[in-house]
Amino acid sequence: MGKKLQRAKQQNGTASEVGEDCGVSSRTRSGGRRAVAGEAKVKSPADGESDELKFPKQCRARHRDENGNAVESTMCHQCQRNDKGRVVRCTRCRTKRYCIPCVTTWYPQSTEEAIAEACPFCCGNCNCKACLRLDGSLKKMLDAGLTYGNDEKLRHNAYILRLLLPVLQHENQDQTLEKKLEANLRGLSLSELKVQKADVDEDERVYCNNCRTSIFDFHRSCPNCSYDLCLICCREIREGHLQGGEEEVVTEYINYGFGYLHGGKPRRQSLEEKVEVNVNDVATSDDNAKSASEWKANDDGSIPCPPEIIGGCGKGLLELRCIFLDNLLSDLVEKAEELVQGYDHSEIQEDPGHRCSCFTSDGIVDLAGDKLRKAASREDSDDNYLYCPTAKDIQSEDLKHFQSHWTKGEPIIVGSVLETASGLSWEPMVMWRAFRQINNMKHGQHLDVTAIDCLDWSLVDINIHQFFKGYTEGRFDSKSWPQILKLKDWPPKNAFEDRLPRHGAEFMTALPFKEYTHPRHGILNVAVKLPDNILKPDLGPKTYIAYGVHPELGRGDSVTKLHCDMSDAVNILTHTAEVVLTPDQLRCVNKLKQKHLAQDKRELYSDSNVEEQGEEKKLSSTCETDEVDVALKNGCISTLPGDNDQLVCEVNGLKSDSNDNKMDLSVDQEGKSESLTLEEKSVCNPTEAGETDGATKRGPGRKRKRRKHSGGVKSSKLKVEMDDQEDLTGEEIMGYPDNLSESNEIYLDSALEGIEQTEGGALWDIFRRQDVPKLQEYLMKHFKEFRHIHCNPLSEVVHPIHDQTMYLTSEHKRKLKEEYGIEPWTFVQKLGDAVFIPAGCAHQVRNLKSCIKVALDFVSPENVKECLRLTEEFRVLPANHRAKEDKLEVKKMAVYGLKRVVKDLEALSRKDRSKGRS
């Protein structure tokens, strides 16, 4: 008897003792060798006679043992093994079984009774390897569109029409002025002018060679060298103040070694080892600036091609070109204006901002309901409460309530969205098992991933299993400081839905207010209006996976630094794992925080600065644990620091998304090279974020010629001698006010109290659009108090928000309100919360736990104007800035959006007329 049969017999005996039917091994996905369809009985092979064997009625998977006796299989559907003891049988399908170890490991939220009633396979949330890779049913789920009646289509399209028409009327005016000027230059009337169509394919993106903003239609182009200039640059050069071609800004971040990250004072021995930075012929920047200043429009308004040194050929004049048909935009605007005038429907003139039911008839916030969450404490303000409905309670009429807040630029929180989906697990290892690994010549294995170390913002390569182990159990460096890692670009390169199809479908199902958020069928999502043959922006979804701890460390926190997105976004917290610091670990953290404070005193807060700014200039990395706990008990937060969880490693003009540029963080002491070890950093192959190529990857399609530019952040090496004796002296501590060290202390009792009951995973700060100017003013005043790559103090700022180099701690937010009277909306994102962030709202996030978030960008018609305003801000940034490129192409999106809306409204009008005749 073979070993397999012996093991099967052994297992059958064990199963019988616990009341299970015996079974034999089987390798089929269904749980064993199935009988022929329709066959209810089999003949015994032992005697070859007609005696019939009856299978148990409750089992459809019919099997026989070695003696030909009818038995039930004990093969677990999850692990495909039958040697793990007792199994739970599904009474709905009567074919699937799950062993108790798999139930405990992979379905900890389910009970045996629930699985017996309907197994995970029947519920559609089975996370076994085979089910995670099923494609047939997923395609139907992903392509299942939202259905809209004619009345809904009319209402929604009329609503978009009202919001997009003013935007494109303005663009049409600019094009008309340029056409008039061109007609005068050619001596033609406006009706006689025919603008030549540019040689551009539909799947191309054309960018202005000066400001690098995308060109959606009219522009000027050199017939000799194809130098392209957008209409805004044409207007500015005629007015004598051309912008957008600002020089590159290169910032150096020096790696002083691991000891420096925790307060050490490295002694510089030599600068000879400093790495030379390639900044694209910086020596000729003066010549470039001189040539740019000499480039002027002619008196008649014509524009010559710029000289070669700034990208042109210096020959001939720039000619007017169009990408769409000559009169497409003007004809489209005319049709839209006729539709607006012809409709009597109230939706066209309706402003949802005046219909909010959150206020009583007296204009007072109505706290009687449970759909509001306090997130700020501004005086004389009616926007301290955020709209926060629960996903299951949302009805069709709640869309107007959503719009009433969204129109005013307010964030919205929708709770418990995961409860509306199938319940598929978002556990890290489930996602890893689901991850498509195509092992052939074109696709390598993805065992290593790139992560960001939040302490020094360097890139590290780490095995995916090690990363997820640290996600659930915590990870610490050699100084016992929590090592906070953020997974970068995972799944890598490929689309989320291609690599994690089941989770992609689960995310789509969980999306609230799908009229706005659905990437295929959202009728109020302007991005959906782009035709299939057009090169579309990458709007996600994308995963953001990062470690997190509850106390605010002050240095190395799991944060997404303050930034502003060009488009709207929805961010869903799908999973959390709590890492609780022990009392011993908290003591080590407190000790290191004192060293950090002393280092900040030396480098950020010199004596002269302290004298100038007095006691208000105190540095405080106050732990906000007590504040978080109190706020969580009350269900809201109004004074806490916020954080965002977007996985971002773009630093001041640089986006690093490959492992090609590795840099050895070595310390050269007396001619000997010593690399940082795993014991020191707890990670392998550290890579500096500023060390990568500054070129941005683009989608398919031709790109117009652009000046080459480098990444904005460059890292340099120094010869550094580290001082191993890093303990602070009493004199160093005494440099602080007495209360500073106390405020920095993480008290053991308060830090641990209430953490286990915390539902929240991430702390958000979102600023109102109208407060952004004051926020920028504060950041420009205090930017030298912030650290960035390798913990280097910031030495310069291009744009205080778009650089994404600063995170406001609780102390900074306190000073912001004290000095400028503004504060953000601050709240805790709980598991299953979907946070809607309007375009143009600066925000930041800090993880209170290890978190998995999935985010999706969309473009709402209410915020198209804000998207255009941000495009103008990005346009004047330096050429190598991280936010420089216009990836959204919102003008093109608005044109196609209005075109689609006009077409749909005309079709609905024809239907109405045909009904009237009948």
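How much area does the protein expose, and what share of it do carbon and sulfur atoms supply? The answer is about 40400 Å², with 47% of that coming from carbon and sulfur. Keep in mind that this is a predicted model.

**The whole chain**

Let's start wide. There are 918 residues here, and buried ones make up 55% of them. The secondary structure adds up to 29 helices and 33 strands. If you take the contacts with a separation of 6 or more, 78% of them link residues 24 or more positions apart.

**Around β18**

Now zoom in on strand β18, residues 448–453. Five of its six residues are buried, so the strand is largely enclosed by the rest of the structure. β18 pairs with β19 (residues 458–463) and also with β20 (residues 485–488). Here is how those pairings look, alongside one from another sheet that we'll get to below.

| Strand pair | Direction | Bridges | A partner pair |
|---|---|---|---|
| β18 and β19 | antiparallel | six | I452 and L459 |
| β18 and β20 | antiparallel | four | A451 and L487 |
| β10 and β11 | antiparallel | three | H219 and C230 |

β18 and β19 form a hairpin with four residues between the strands, and W457 in that hairpin takes a positive phi near 55 degrees. As a reminder for anyone looking at side chains here, in a regular strand they alternate between the two faces of the sheet.

Moving along the chain, G474 sits in the loop between α15 (464–473) and β20. Is G474 buried or exposed? Neither, quite: its relative accessibility is 22%, so it counts as partly exposed; the cut-off for buried is under 20%. Leaving out residues up to four places away in sequence, G474 touches K469 and V579. The C-alpha atom of G474 is also 8.7 Å from that of E578, although the two residues are 104 residues apart along the chain.

**A four-stranded sheet and its helices**

Elsewhere there is an open sheet of four strands, in the order β7-β14-β10-β11, and its pairing is mixed. Which strands stand at the edges? They are β7 (196–197) and β11 (228–230); each has a single partner strand, so one side of each has no neighbour in the sheet. Within this sheet, β10 (residues 219–221) and β11 run antiparallel, joined by three bridges, and H219 stands opposite C230 of β11.

Two helices lie across parts of this sheet. Helix α7 lies across β10 and β14 (319–322), at about 40 degrees to β10. Helix α8 (residues 231–239) lies across β10 and β11, at about 80 degrees to β11.

α7 (residues 150–186) also meets helix α28 (residues 864–875): their axes come within 9 Å and cross at roughly 35 degrees. On the α7 side, the contact uses L164, P166 and V167, while α28 brings V864, K865 and L868. Sorted by type, the residues of this contact come out as five nonpolar, no polar and one charged.

**A covered helix**

Last stop: helix α13, residues 398–406. It is mostly covered, with eight of its nine residues buried. Among the buried ones are L399, F402 and W406, along with D398, H401 and H405. Q403 and S404 of α13 are buried too.

Terms used:
Residues are numbered from 1 along each chain as its sequence is written. This is a predicted model: local features need pLDDT of at least 70, side-chain atom pairs count only at pLDDT 80 or more; totals for chains, interfaces and linings use all residues. Side-chain values use heavy atoms; hydrogens and water are left out. Buried means under 20% relative accessible area, exposed over 50%, partly exposed in between (1.4 Å probe, protein chains only). Two strands pair if DSSP finds at least two bridges between them. Axes are lines fitted to C-alpha atoms, for helices over the stretch in contact, and angles run from 0 to 180 degrees between N-to-C directions. Contact means heavy atoms within 4.5 Å. Ala, Val, Leu, Ile, Met, Phe, Trp, Tyr, Cys and Pro count as nonpolar, Asp, Glu, Lys and Arg as charged, and the others, Gly among them, as polar. Accessible areas come from the Shrake-Rupley method with a 1.4 Å probe; for residues, only the protein chains shown count as cover.
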